[in-house]
Structure formats: structure tokens, C-alpha cells
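Work through the exercises below with the sequence and coordinates at hand. Each task is followed by a solution in steps.

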Amino acid sequence: MITLISSLLVFLLVVMLHEFGHFSIAKLSGIKVNEFSIGMGPKIYQKQRGETFYSLRALPVGGYVAMEGEEENSHDPRAFNNVSIVKRMAVVLAGAFMNFVLAFIAFTLIFSIAGYGSNEIEKVISNSPADKAGIQSGDLIIKINENKVKDIYDINSIISKYQKEEMDFQINREGNILNVKIKPEYSVENQMYLIGIISKLDHSILKSISLGANRTLEMSKLILKSIKMMFSGSFKMEYLSGPVGVVQLIGSESSKGFLNFLQILGLISVNLGVFNLLPIPALDGGKFLFLLIEALRGKPIDEKIEQGLSLIGISLLFSLMIYVTIFNDIGRLFNK
């Protein structure tokens, strides 16, 4: 039951915020919105307020904002096709933007609740590089190779940069400044170079906001790197998950607690944001590309060509989803 409830909640939040992005900017731009729908398929509930129908549909696999003049040309002066190209671009990008906002909020909440690792050492792992160098609990790491550090993220970033090189650590021990040399060791478990310390947790709203923004940016870069690897052939298709796999992952993580739920919510939201910006017809990135071409040409692409490319894009995306669902998601179920 927790898998079903948490999955529905994640999909509703991610989809609702995405579509609300399109909807809110369309309304602010004066574009006529005919329908705002959460879910696809048969209507469960619908209510009209002003000129817009607000709908809840049976299948929680998406949603849409139906704007006048979006799918075909309209003579209505408030139609999507009749407003300025800048307004249309803003409407198209707003959905993905709201996904990044949701991810940022989720990650910021995680750091606000759980705290973040400071530059103060709480524990030194026995027989680790830090232990051999004489590092003690309560020490403050203030510099590494003349680079100032404020938290564990700064420390890990610098260690990752220099990796197995011997580094100069400047330590504040009860007001006394000490200089020690430490050579990190590679951890197979963590798949990174470490010196063997556990940092003391700290709490700060401003720092949590900064870390939330940084986590959103880093996850976006990681997703783009994975997509690049897919096209280069170095990323294996079996690593992908379809709807069934995603639902399983949401249920598994959500059962571990609220922070894990926030983590998976942020990850899925940033994934949707990045994926939607890919220049593939039928996705927001594809629509933005068409608008960019229109801006450069001074006239829109032929409607039939755009619809044909969008149909091809949708077909390829659905084919990929079906392939991943059958061969990856269902395959994993039978292999358990």
C-alpha cells in the first residue's frame, strides 16, 4: 500500500508542478487556456472556472495544459499561436523550470532536516590516513593545499580533485594551528578517495538552500552525462527503468522514511526537468527548438512537418518506454 500511495503522491507532485508551470505562465501571458488536466484518459472529475476546465483523469501517468491555438492555428487573438514568440518560449520552458524548483525544495528540505557535514571532525576511523596523520575528534579542517574549506562537501571536492596525491591539511585544534600531510586512500565501498573521517552535522537554513541548489545542479549534470554516454554506447540500456521500475523504486525508498521519500521525489523531478528539455519533437525541448528556428527564420515551420516530427518523437519515446518496461522492469521481477 505504501508503494501505491507514495508513487501516486510523487507522480502527482511532479506532474502537477510541471503542468502548473505551463499553466501559470500561459495565464500571465494572457493566453487562453481551455483545460488544465492532471492525469490522462477518462475524466474522473471536471469543473469549469471562468474559461478553463480543471480535470482529474484516471491514469496518473502525465497531464496537460490545453491552450487555444497550440495544436492548430486559431484566429483568437489570445491563442498560443498569436502571442509573441518570447511568451511562447516562456510557456514551453516553464514546466521543466518548475520541476527544477520542486527538486531544489526537496533537496533543501533534506539538508534542513538532516543537517549537513561541517568541517569539524566528530570521529576518526581507526587505522585510516587521517588516524595515521594524528587527526583527532574535535579538530577543524580549515585549509587543504591552501584552499579554504567550510564543510565536508568542500573537503570531499578537493580530495576528489587531487585524489591519491599527498595533501597539506591545515588544522585548528582548540585555537592552535597545525599543518599535517595526508594521503587519501581509495574506498571500494564508496568508490572515491577518502581520508577516513566522519564530520559533525551542522544546521543552517541559508547553507541548506545553497546545498539544495548545488545538489539540483549536480544531479542535472549527472543526468546529462548519462544521456551523453547512452549515445556514445558506454551506458548500458539495462540500467534504465520504466514505469514499473520507477514505482518499485519509489515504494522501496519511501518505506525507509520521509527523507528518502524527499530524495526520490527530488531525483525524479530533476530527471523529468532535464529529460523534457532534450531537443526531441513532442517534448518541451523539441517545441522550444521549433520556436527558436521560427525566431531565426522569421516564420514558423510548416504545421504538417512539425506534426509529423512530433509523431515520430512520440513513437520513439513510447517504443523506448515499452522496451525498457518489458526487458528491464519485468525482467528484473522474474530474476528476483
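Are Phe23 and Phe36 buried or exposed? The model used here is a predicted one.

**Exercise 1. Determine the burial of the two residues and the geometry of their ring pair.**

Step 1. Phe23 has a relative accessible area of 10%. Buried means under 20%, so Phe23 is buried. Phe36 is buried as well.

Step 2. The ring centres of Phe23 and Phe36 are 5.0 Å apart, and the planes meet at 50 degrees. Centres within 6.5 Å make a pair, and an angle that is neither under 30 nor over 60 degrees counts as tilted. The pair is therefore tilted.

Step 3. Phe23 belongs to helix α1 and Phe36 to strand β1 (residues 33-49). With their positions 13 residues apart in the numbering, the pair links distant parts of the chain.

**Exercise 2. Classify the pair Phe20 and Phe23, and place it in its cluster.**

Step 1. Both residues lie in helix α1 (residues 2-28), three residues apart, which is about one turn of the helix.

Step 2. Phe20 has a relative accessible area of 40% and is partly exposed, whereas Phe23 is buried.

Step 3. The structure holds seven aromatic pairs. For Phe20 and Phe23 the centres are 6.3 Å apart and the planes stand at 40 degrees, so this pair is tilted.

Step 4. One aromatic cluster is formed by Phe20, Phe23, Phe36 and Tyr54.

**Exercise 3. Find where Gly313 and Pro281 sit, and give a C-alpha distance for each.**

Step 1. Gly313 is part of helix α9 (residues 303-335). Its relative accessibility is 3%, so Gly313 counts as buried.

Step 2. The C-alpha atoms of Gly313 and Ala282 are 5.7 Å apart, with 31 residues separating the two along the chain.

Step 3. Pro281 is in the loop between α7 (258-276) and α8 (284-297). At 21% relative accessibility, Pro281 is partly exposed. The cut-off for buried is under 20%.

Step 4. Between the C-alpha atoms of Pro281 and Gly308 the separation is 9.1 Å; along the chain these residues are 27 residues apart.

**Exercise 4. Which residues gather in a patch of negative charge on the surface?**

Step 1. The patch of negative charge consists of Glu71, Glu72, Asp302 and Glu303.

Step 2. Glu71 lies in the loop between β2 (52-67) and α2 (85-114).

Step 3. The relative accessible area of Glu71 is 60%, so this residue is exposed. The cut-off for exposed is over 50%.

Definitions and conventions: Residues are numbered from 1 along each chain as its sequence is written. This is a predicted model: local features need pLDDT of at least 70, side-chain atom pairs count only at pLDDT 80 or more; totals for chains, interfaces and linings use all residues. Side-chain values use heavy atoms; hydrogens and water are left out. Patches are made of residues with over 30% relative accessible area and no salt bridge: like charges are joined within 9 Å, nonpolar side chains (Val, Leu, Ile, Met, Phe, Trp, Tyr) within 5 Å. Accessible areas come from the Shrake-Rupley method with a 1.4 Å probe; for residues, only the protein chains shown count as cover. A salt bridge is a side-chain nitrogen of Lys or Arg within 4 Å of a carboxyl oxygen of Asp or Glu. Lys and Arg count as positive and Asp and Glu as negative; His and the chain ends are not counted. The place of a charge is taken as NZ of Lys, CZ of Arg, CG of Asp or CD of Glu. Helices (H or I, at least four residues) and strands (E, at least two) are DSSP runs, numbered from the N terminus. Buried means under 20% relative accessible area, exposed over 50%, partly exposed in between (1.4 Å probe, protein chains only). Rings of Phe, Tyr and Trp (its six-membered ring) pair if their centres lie within 6.5 Å; planes under 30 degrees apart count as stacked, over 60 as edge-to-face and the rest as tilted.
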